[in-house]
Amino acid sequence: MSALHRNRPQPNPGILDIAPYVPGKSGAKGARIHKLSSNESPLGASNLAIEAYKGAANSLALYPDGNAATLREAIASRYGLKTDNIVCGAGSDELLQLLAHAYLGLGDEAIYSQYGFLVYPIAIQSNGATAVVVPERDYLADVDAMLAAVSPRTRMVFLANPNNPTGRSLPFNEVKRLHAGLPANVLLVLDAAYAEYVRRNDYESGIELVATSDNVVMTRTFSKIHGLAALRLGWAYCPAHVADVLNRIRGPFNVSAPAMAAGAAAIADQAFVERALAHNDTWLPWLSAELAAIGLEVTPSDGNFLLVHFPSDAKRNAHAADAWLQDNGFIVRRMDAYGLSGALRISVGSEEANRGLVACLRAFLS
Ligand SMILES: *Cc1c(COP(=O)(O)O)cnc(C)c1O
């Protein structure tokens, strides 16, 4: 810090070390573009959710229900959960931040894996705590290495399952082994933003683990399969003592009324979710196979996106591919911030987007 600036207000320790999160690019207005950079729903949102959102327009002068009762009941009834153990937030991002804020401070450590979601270091460092980053094996969290990284200072472990940006997921027995190896005072945060997409039989999002322990929280989002990313809506399933903590520190009206109305309608519209899932079940394997067929290495994914690895020569590398795709109206995500500058993350899009993307990359590589 220069002497010149020493007298002005200073943020808390750690905050100026944070690398700001860089969202997926949006396209130039008007141009015909396919945005495949933020794992958004190619089917949009449920019509019932859209109608509920419009209905909320008649009451914009009123504060929302600070308890989010209707929404929490809709979530509880969909998954058979206890309403009191659900806390809603402005995106699961807010809930991750609130958890870090409540349980981390200066001198504490929080663990996440090498290619873990980049919101975790922001949440950790903004509370003065130290991020401990554990190497992965084959783009998958390594439970033994994570357990070996636990120290007396460890207070939290963040695990995205499936993980973004790798798309890989741990089977539930591995998640249980991770939990079993953690001290009872360490909070395990299972970020299950893509849980609805997973088709493997040995996967569980973490509901059972939350219900049977005192130190596990699962977070979920309406941004992905429900197609409500614009509304910023997520929820956490927590032990009662954690829900109590989050309810003390969250803003009293942290979720807006239109978001709650749309979310409650969305989670009840199982037919829409089934359509979104069927779309992904068709196009995720198609995209993987087509990209492999044109010579690209694709990490197997359990989500609605693919981590795609490019050759290293300057003409065909990931940066050249990204520029080429952008020139042709396809916006994907560079992975430099994750230390994966040789890869791009590509969301499953509409049929038109998927076919167009493959044709564009085929031309690029030939
Ligand atoms: C998209 C995503 C989320 C969801 O964030 P919201 O704030 O709910 O939109 C959470 N975790 C991961 C790993 C994600 O990819």
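**Cysteines.** I began with C238 in this predicted model, and I found its sulfur 9.9 Å from the closest cysteine sulfur, which belongs to C88. Since a disulfide needs two cysteine sulfur atoms within 2.5 Å, that distance is too far for a bond. My search of the whole structure agreed, returning 0 disulfides. I also looked up the accessibility of two cysteines: C238 counts as buried at 0% relative accessibility, and C360 counts as buried at 9%.

**Sheet.** I next traced the open sheet, which has 7 strands in the order 2-8-7-6-5-3-4 and mixed pairing. Its edge strands are strand 2 (86–89) and strand 4 (130–134), each of which pairs on one side only. The twist from one strand to the next averages 20 degrees. For strand 7 (residues 216–221) and strand 8 (residues 234–237) I noted antiparallel pairing over 4 bridges, and I recorded Y237 in strand 8 as the bridge partner of M218. I then asked which strands helix 2 (residues 69–79) lies across. The entry reads strand 2, strand 7 and strand 8, with the helix running at about 125 degrees to strand 2.

**Aromatic pairs.** A search of the whole structure gave me 10 aromatic pairs. One of them joins Y115 and Y139 in a tilted arrangement, at 5.4 Å centre to centre and with 35 degrees between the planes. Because Y115 lies in the loop between strand 3 (109–113) and helix 4 (119–125), while Y139 lies in the loop between strand 4 and helix 5 (143–148), this pair ties together parts that are 24 residues apart in sequence. Y115 is buried at 12% relative accessibility, whereas Y139 is partly exposed with a relative accessible area of 25%.

I then turned to Y120 and F158, whose rings are stacked, with 4.9 Å between centres and 15 degrees between planes. This pair links distant parts of the chain, since Y120 sits in helix 4 and F158 in strand 5 (residues 154–160), 38 residues apart. I checked the burial of each partner: Y120 is buried with a relative accessible area of 1%, and F158 is buried with a relative accessible area of 1%. Following the ring pairs further, I arrived at a cluster that links Y21, Y112, F117, Y120 and F158.

**Charges over a ring.** My last entry concerns Y79, and I asked which charged ends sit over its ring. The charged end of R78 lies over the ring at 4.5 Å from its centre, and the charged end of R220 also sits over the ring of Y79, at 4.9 Å from the centre.

Conventions. Residues are numbered from 1 along each chain as its sequence is written. This is a predicted model: local features need pLDDT of at least 70, side-chain atom pairs count only at pLDDT 80 or more; totals for chains, interfaces and linings use all residues. Side-chain values use heavy atoms; hydrogens and water are left out. Two strands pair if DSSP finds at least two bridges between them. Helices (H or I, at least four residues) and strands (E, at least two) are DSSP runs, numbered from the N terminus. Axes are lines fitted to C-alpha atoms, for helices over the stretch in contact, and angles run from 0 to 180 degrees between N-to-C directions. Contact means heavy atoms within 4.5 Å. Buried means under 20% relative accessible area, exposed over 50%, partly exposed in between (1.4 Å probe, protein chains only). Rings of Phe, Tyr and Trp (its six-membered ring) pair if their centres lie within 6.5 Å; planes under 30 degrees apart count as stacked, over 60 as edge-to-face and the rest as tilted. A charge sits over a ring if NZ of Lys or CZ of Arg is within 6 Å of the ring centre and within 35 degrees of the ring normal.
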